[in-house]
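Work through the exercises below with the structure open. Each task is followed by a stepwise solution.

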Amino acid sequence: MTQKRKIIAGMSAMAAASLVLTGCGGSGGDVDADGNVVIELAQWWEPELPDGELRGLIDEFEEQNPGIKVELLSGPYASTREQLVTGAASGTMPDVVGLDGSWVNDFAKQGAITDLSALMAEHDYDDSTLASQVEVDGSTYMVPAVNFVYPLYTNDALLAEAGVDQPPSSRTEFADAARAITELGNAAGTAMPLSLETPSGVQNQVMSWLWASGGSMLKDGKPDLTNEGVVDTIEYFDELYQDGVFAPGAFTMKEQDMVEEFTNGRVGMMVDSLAHLTMIRESNPDLEFSISALPAEDGYDGKRGIPYASWGLGIAESSEHKAEAWKLFEFLMSEEANAELASMAKAFPGNTESVPDFVEDDELMAEAFDIYQAGYPANEFTGLPVAEDLMRQMNEQFQSMLEGDISVDEMLETTQESWSAEF
Amino acid sequence: MSTVAERRGRAEAPAPGGPRRRGQGGAPGVRRSEPFLYVGPTVILIGVLLVIPVVTVIGYSLFDNVITNPNPEFVGLAHYAALLSDTGFYTAVGNTLFFTIVSVAAHLVIGLVFALMLNSPLVGRTTTAVYRTIYVLPWLFTVAIVAVLWRLLLNPNGVVNYLLSFVGSGSTEWLSDPSLALGTVTFINIWAGYPFFMVSLLAGLQGISADLYETARVDGANAWQRFTAVTLPNLKPVIISMSLLDLIWTSQQFALIWMTTGGGPVDATELVSTYTYKLAFTKYEFGAASTAAVVVLVLSMILAVFYVRHQRAKE
């Protein structure tokens with residue numbers, strides 16, 4: 001009996017000790033059994049790419065850099081963000097991180113991601129090949145590895161049926177086409193994903209129209225939401241909404257829902273990421289559609305801003321292996337690897353010298369590349385503080401306005417006020 | 001209270017005397033530490049998983065720029081004052097109350113009705129087993145599946161609207177119409193949660209002695225009188241326990257709301273849980289989010305106290 005009690009007591013003590021140890025343990029293990037330095041790359045890209053392709057690219061890196069192993073920490077976009085937020089808080093951010101432009105300001109201000117300008121200077125890096133860099137207070141904190149542009153997708157059959165012979169290029173043409181498609185009765189003219197879960201619809205499908213006409217929602221880096229361009233854009237959407245040309249359920253629609261509606265022929269036109277091109281083709285091989293630049297204000301003939309989203313790269317300030325992390329960064333931004341990444345992602349490269357293979361053998365991608373080159377990448381939310389919250393604030397007001405609870409002016413004044421408080 | 005005191009007395013009495021009486025084998029130090037080794041794992045587990053996080057969050061609620069800044073600033077009760085003067089918070093509290101109370105009430109009524117039906121002697125054993133399986137299905141799905149399933153069903157082009165189109169009403173935006181959204185998510189939550197009540201109440205019903213019904217019948221009680229005088233009083237402990245637990249769980253529901261409406265349209269389905277999440281993960285105001293969490297903690301504690309009291313009373 002006493003023996004039994006001793007065993008139980010001993011086991012309890014071991015359990016207690018192991019609990020304490022698991023509590024205290026955690027990080028570490030950044031050098032493996034063979035003496036290789038192991039760095040982590042956290043991103044949401046791997047699940048969005050064909051199986052094994054990102055790993056293949058990383059294997060190339062490991063071959064070229066003996067002594068460095070890369071562990072991929074992959075998850076969906078939203079959980080990657082949460083992982084980084086908590087990692088930033090606890091100082092355990094993975095060494096190299098996939099970043100979205102809208103997160104950069106907060107992580108940089110928090111001191112969680114490192115100043116890449118300093119690292120570039122330290123390694124005598126020539127940044128002239130980088131297509132763009134996201135800066136906070138004059139220093140680079142993120143470099144877009146690849147860019148996804150948001151062109152206008154149009155369903156050829158629905159447009160033809162509605163008597164429209166080419167994709168609209170001005171706001172009036174778009175409104176007319178949307179009304180004509182809606183009047184057919186079996187599809188909606190366009191769609192607007194305004195779900196508050198991921199409020200990026202305000203960026204990609206609403207404010208993008210302002211940038212396409214050369215407008216801006218900022219002045220000297222501060223919110224300027226009551227200027228004429230913004231008012232005209234919001235009034236335009238209000239009018240379209242009251243005309244009933246949007247697919248029903250806009251207030252809880254996610255971008256994914258919109259793509260499904262378009263793929264199934266229930267929506268005639270949408271502004272969406274080029275990243276979905278392959279998926280649309282695979283889901284509905286019979287669907288004939290075109291890609292064109294976002295419609296601009298009538299009579300506008302300047303350069304058109306093309307909304308874009310990035311898979312950006314950053315390095316954690318807390319990384320103990322910054323030299324190795326820098327090597328991975330340099331590799332991913334190199335001409336060859338960047339072209340490979342862009343090809344597999346069907347996106348435009350962050351290195352201006354990289355040429356992705358799809359441009360030559362895919363007509364629609366070539367068309368998109370032309371649009372990209374004719375305009376300029378525009379996304380004013382990139383680099384703003386609490387960017388996602390700014391979108392959510394505007395989204396809530398936008399929904400209230402469309403519901404008829406407040407006027408366009410009230411919507412913009414309220415949003416201007418709440419945005420100003422964040423700057 | 002006397003029950004509690006007595007039980008405490010019983011539990012404490014043997015501890016000092018016990019080891020001394022046994023008095024043989026092992027060094028005195030080991031013997032003295034033995035009880036601590038037994039309770040050690042539990043104490044550490046509760047400490048690490050419960051006490052430390054709760055105390056940390058309460059601490060955070062008194063500071064500004066916590067987590068995001070290495071040197072947070074002490075602001076005392078400023079976050080509490082800001083929270084209690086924010087109309088958005090009251091909207092969230094109102095929505096949470098509606099969502100919780102309606103959900104729990106409906107869970108109870110539907111669970112009870114189904115449990116009574118399944119317990120009826122008129123239904124055969126096989127039929128009961130089949131229906132029990134069917135009725136319990138919603139409970140087996142995880143919240144993510146429930147959310148995706150109902151998003152698809154309630155899509156403006158979805159199955160529900162298609163079926164309604166046969167009776168002339170097929171264009172309802174169940175989740176996107178601000179006047180319907182809260183009712184719709186409450187309905188989904190009711191659907192997902194009633195089996196928990198049903199299973200528990202069914203177990204309770206099966207524990208009621210047939211003699212009681214027999215006696216009631218002999219006394220001339222009709223079906224309704226038997227239900228109110230025999231069934232309900234016997235189920236009361238189960239009903240109260242379940243209701244309190246459900247109130248606590250439902251008031252903290254987050255995933256279902258987040259994955260169906262994200263708290264929208266506008267703020268129609270904003271609950272305290274989504275309100276807190278947004279403060280933390282989109283505004284990065286962890287201090288303010290902690291404050292909202294502490295307020296929820298206090299409200300949940302009130303329910304928890306009732307629950308524990310009820311459990312003790314039962315013992």
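**Exercise 1. A strand and its surroundings**

Take strand β1 (residues 37-43) of chain A and decide whether the strand is largely enclosed or not. Then find how it pairs with strand β2 (residues 68-74) of chain A.

Solution. The model is predicted.
- Step 1: count burial. A residue is buried if 20 or more other C-beta atoms lie within 10 Å of its own. In β1(A), 5 of the 7 residues pass, so the strand is largely enclosed by the rest of the structure.
- Step 2: look at the pairing. β1(A) and β2(A) run in the parallel sense and share 7 bridges.
- Step 3: pick one bridge. L41(A) has L72(A) as its bridge partner in β2(A).

**Exercise 2. The nonpolar cores**

Which residues touch the most other members of the largest nonpolar core? What does V96(A) contact beyond its neighbours within four places in sequence?

Solution.
- Step 1: size the core. The largest nonpolar core holds 150 residues.
- Step 2: rank the members. V96(A), A191(A), L328(A), F329(A) and L332(A) touch the most other members.
- Step 3: trace V96(A). Beyond four places in sequence, V96(A) is in contact with I39(A), L41(A), L313(A), I315(A), A325(A), L328(A) and F329(A).
- Step 4: look for another core. One of 13 residues lies apart from the largest core, and its members include L112(B), Y135(B), L201(B) and M242(B).
- Step 5: recall the background. In soluble globular proteins, nonpolar side chains tend to be buried together.

**Exercise 3. Where the chains meet**

How many residues does each chain bring to the contact between chains A and B? Which element of chain A gives the most?

Solution.
- Step 1: count. Chain A brings 31 residues and chain B brings 31 residues.
- Step 2: list the elements. On the chain A side, at least two residues each come from α1 (2-24), α3 (77-90), α4 (101-110) and α16 (387-403).
- Step 3: find the leader. α1(A) gives the most, with 9 residues.
- Step 4: sort by class. The chain A side has 13 nonpolar, 9 polar and 9 charged residues.

**Exercise 4. Two domains in chain A**

Give the bounds of the domains of chain A, and describe the side of domain 1 that touches domain 2.

Solution.
- Step 1: set the bounds. Domain 1 covers 33-149 + 309-367, and domain 2 covers 152-306 + 382-422.
- Step 2: take the separation. Their C-alpha centres are 29 Å apart.
- Step 3: count the contact. Domain 1 of chain A supplies 16 residues and domain 2 of chain A supplies 14 residues.
- Step 4: name the elements. On the domain 1 side, α4, β4 (134-136), β5 (139-149) and α15 (363-374) of chain A give two or more residues.
- Step 5: find the largest share. α4(A) provides it, with 5 residues.
- Step 6: sort by class. This side has 9 nonpolar, 3 polar and 4 charged residues.

**Exercise 5. The form of chain B**

What radius of gyration does chain B have, against that of a compact globule of 315 residues? How far apart are the centres of its domains?

Solution.
- Step 1: list the elements. Chain B has 14 helices and 2 strands.
- Step 2: compare radii. A compact globule of 315 residues would be near 20 Å, but chain B has 25 Å.
- Step 3: check the spans. The C-alpha trace of chain B covers about 85 × 70 × 30 Å along its principal axes.
- Step 4: check burial. In chain B, 30% of the 315 residues count as buried.
- Step 5: split the chain. Domain 1 of chain B is 2-60 and domain 2 of chain B is 82-314. Their C-alpha centres lie 37 Å apart.
- Step 6: count the contact. Domain 1 of chain B gives 5 residues and domain 2 of chain B gives 6 residues.

Methods
Residues are numbered from 1 along each chain as its sequence is written. Chains are lettered from A and ligands numbered from 1 in the order in which they are written. This is a predicted model: local features need pLDDT of at least 70, side-chain atom pairs count only at pLDDT 80 or more; totals for chains, interfaces and linings use all residues. Two residues are in contact if their C-beta atoms, placed from the backbone, lie within 7 Å. Helices (H or I, at least four residues) and strands (E, at least two) are DSSP runs, numbered from the N terminus. Ala, Val, Leu, Ile, Met, Phe, Trp, Tyr, Cys and Pro count as nonpolar, Asp, Glu, Lys and Arg as charged, and the others, Gly among them, as polar. Domain bounds come from an automatic or database domain assignment. The radius of gyration is taken over C-alpha atoms; the globule rule is 2.2 Å times the number of residues to the power 0.38. A residue is buried if 20 or more other C-beta atoms lie within 10 Å of its own, exposed if 12 or fewer, and partly exposed in between; C-beta atoms are placed from the backbone. A nonpolar core is a set of buried Ala, Val, Leu, Ile, Met, Phe, Trp, Tyr and Cys residues joined through C-beta atoms within 7 Å. Two strands pair if DSSP finds at least two bridges between them.
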